[in-house]
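Visitor: I am new to this structure and would like a close look at a single part of it. Please take one strand, and then work outward to what lies around it.

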Amino acid sequence: MNITVSAPGKLMLFGEHAVVYGYPCIVTAVGQRMRTTVDLLDTPDFIVDAQDVDIISYKKKMTELGIGAMPKGVQFVEIALANFSKKYQLQPGIHITMTSEFSSQFGFGSSSASTVCVIQACAALMGINISKKELFDLSYQTVLDIQKTGSGFDVAAAVYGGILYYLTGGKVIEPLAIKNISFVVGYSGSKSDTPAMIADVAWKREREKVKVERIFEAIATLTDDAKKKMEERDWERVGTLMNFNQEYLRDLGVSTEKLEAMIAAAKQVGAWGAKLSGAGGGDCMIALAPSDKRKVVEEAVIKAGGQVIDVSVSAEGVKIEKPIQEFKAKP
Ligand code: PMV
């Protein structure tokens with residue numbers, strides 16, 4: 001028996017870092033998806049194939065799930081299954097095949113999306129009607145087990161899709177009724193480790209508590225404002241709020257020269273606003289521009305050394321791509 005499930009990646013629009021400390025953020029699911037096929041096996045084996053991250057026929061016994069060293073490319077799905085099996089009975093063996101529509105080089109959340117896919121696929125195969133919240137909770141627990149830190153915004157995007165107003169741990173997951181918004185996304189050529197960037201900000205907060213708390217409060221206020229302005233489709237104001245958010249992220253010390261150059265270039269040729277997206281220290285910037293300026297903004301980002309990535313927003317959350325296929329025994 002097997003099933004194929006897919007889940008979207010994500011892009012942070014507003015509120016990164018502050019969200020880790022209980023303030024709100026706005027995240028969108030993106031069109032690029034992780035796709036996972038789960039086959040039930042007769043033997044008690046756990047097998048993973050994920051060619052995109054050089055995992056070919058990784059194999060261990062189901063009884064060793066989550067125990068001992070494991071390559072980075074299987075960590076999330078293995079711990080996800082271990083967590084799932086603490087709650088629900090798993091069939092004798094599992095073979096997972098993962099493919100990705102986006103490079104794991106970009107911070108689009110491939111680990112969280114694959115975690116969500118595997119849990120959803122196993123639940124469907126075992127005939128368990130898992131709710132979105134339970135899927136979120138099990139997946140977020142998996143991310144915390146591995147990363148020890150993080151708000152879970154990427155898990156929420158993978159489960160629910162769309163554009164979400166979000167509070168850490170899924171305390172609030174509110175879908176915003178927005179579809180037709182188009183960002184220019186530019187990759188800066190390198191990516192920092194997200195937990196390391198979170199630790200840098202924690203260290204800064206330790207030393208300059210009052211200043212950093214003020215920055216978080218200002219980011220929270222502008223994120224709430226951005227939610228309203230996005231719902232009103234006041235894109236010019238949304239762009240201005242992105243610029244404010246970027247100033248605070250710079251103050252937190254998570255921007256880079258390259259990101260700043262790409263952001264400045266986008267604004268210079270007419271973007272309403274631009275900011276880094278995610279933990280910073282590299283990775284991606286996003287710009288919001290009137291549709292007639294989109295092309296020149298893309299060119300400006302490229303000229304500043306960025307790689308423009310074609311990304312659609314407000315994508316659908318986790319979904320079953322290919323329903324359960326039964327294998328008939330050979331006569
Ligand atoms: O690096 P990314 O794209 O996964 O974004 C991290 C965003 C943070 O707010 C810094 C961390 C988090 O888990 O919310």
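**Strand 9 and its surroundings**

Guide: Strand 9, residues 273-277, has 5 of its 5 residues buried, so the strand is largely enclosed by the rest of the structure. The model is a predicted one, and what follows should be read as a description of that model.

The partner of strand 9 is a good place to begin. Strand 9 pairs with strand 10, residues 284-288, through 5 bridges, and the pairing is antiparallel. Within this pair, Gly273 has Leu288 of strand 10 opposite it. The two strands make a hairpin with 6 residues between them, and in that hairpin Gly278 has a positive phi near 105 degrees. Asp283 is also in the loop between strand 9 and strand 10. The phi of Asp283 is positive as well, near 65 degrees, although Asp283 is a residue other than glycine. Is Asp283 buried or exposed? Its relative accessibility is 6%, and the cut-off for buried is under 20%, so Asp283 counts as buried.

Next comes the sheet. Strand 9 belongs to an open sheet of 4 strands, in the order 9-10-8-11, with antiparallel pairing. Strand 9 and strand 11 (307-309) are at the edges of the sheet; each has a single partner strand, so one side of each lacks a neighbour in the sheet. From one strand to the next, the twist averages 30 degrees. A strand can thus be at the edge of the sheet, with one side left without a neighbour there, and still be largely enclosed by the rest of the structure, because 5 of the 5 residues of strand 9 are buried.

At the other edge, strand 11 runs antiparallel to strand 8, residues 183-187, and 3 bridges join the two. In this pair Val185 stands opposite Ile309 of strand 11. Helix 9, residues 294-303, packs on the sheet and touches strand 8, strand 10 and strand 11. The direction of helix 9 makes about 10 degrees with that of strand 8.

The nonpolar cores give a wider setting. The largest nonpolar core has 90 residues, and Phe14, Ile94, Ile96 and Met230 touch the most other members. Helix 2, residues 110-125, supplies the largest share of this core, with 10 residues. A second core, separate from it, has 26 residues, including Met197, Val212, Ile219 and Ala287. Nonpolar side chains tend to be buried together in soluble globular proteins. For Met230, the contacts beyond four places in sequence are Leu13, Phe14, Ile26, Ile163, Ile178, Ile181, Trp235 and Val238.

Another hairpin can be set beside the one just described. Strand 3 (45-50) and strand 4 (55-61) run antiparallel and are joined by 5 bridges. Phe46 stands opposite Lys60 in strand 4. This hairpin has 4 residues between its strands, and Asp54 in the turn has a positive phi of about 60 degrees.

Strand 3 and strand 4 also help to cover helix 1: the buried residues of helix 1 are covered by elements including strand 3, strand 4, strand 5 (93-100), helix 2 and helix 3 (132-147). Helix 1, residues 72-87, has 16 residues and reaches 24 Å from first C-alpha to last, close to the expected 22 Å. Among the buried residues of helix 1 are Val74, Phe76, Val77, Ile79 and Leu81, along with Glu78 and Asn83.

Helix 3 leads on to helix 4, residues 153-160: their axes come within 9 Å and cross at roughly 145 degrees. The crossing is right-handed. Residues of helix 3 including Leu135, Phe136, Tyr140 and Val143 meet Val155, Ala156, Val159 and Tyr160 of helix 4. In the loop between these two helices is Lys148. Lys148 has a positive phi of about 65 degrees and is not a glycine. Lys148 counts as exposed, because its relative accessibility is 65%, whereas Asp283, in the loop after strand 9, counts as buried at 6%.

Technical notes:
Residues are numbered from 1 along each chain as its sequence is written. This is a predicted model: local features need pLDDT of at least 70, side-chain atom pairs count only at pLDDT 80 or more; totals for chains, interfaces and linings use all residues. Side-chain values use heavy atoms; hydrogens and water are left out. A nonpolar core is a set of buried Ala, Val, Leu, Ile, Met, Phe, Trp, Tyr and Cys residues joined through side-chain atoms within 4.5 Å. Buried means under 20% relative accessible area, exposed over 50%, partly exposed in between (1.4 Å probe, protein chains only). Contact means heavy atoms within 4.5 Å. The expected span of a helix is 1.5 Å times one less than its number of residues. Two strands pair if DSSP finds at least two bridges between them. Axes are lines fitted to C-alpha atoms, for helices over the stretch in contact, and angles run from 0 to 180 degrees between N-to-C directions. A crossing is left-handed if the near helix is turned anticlockwise from the far one by less than a right angle, and right-handed if clockwise.
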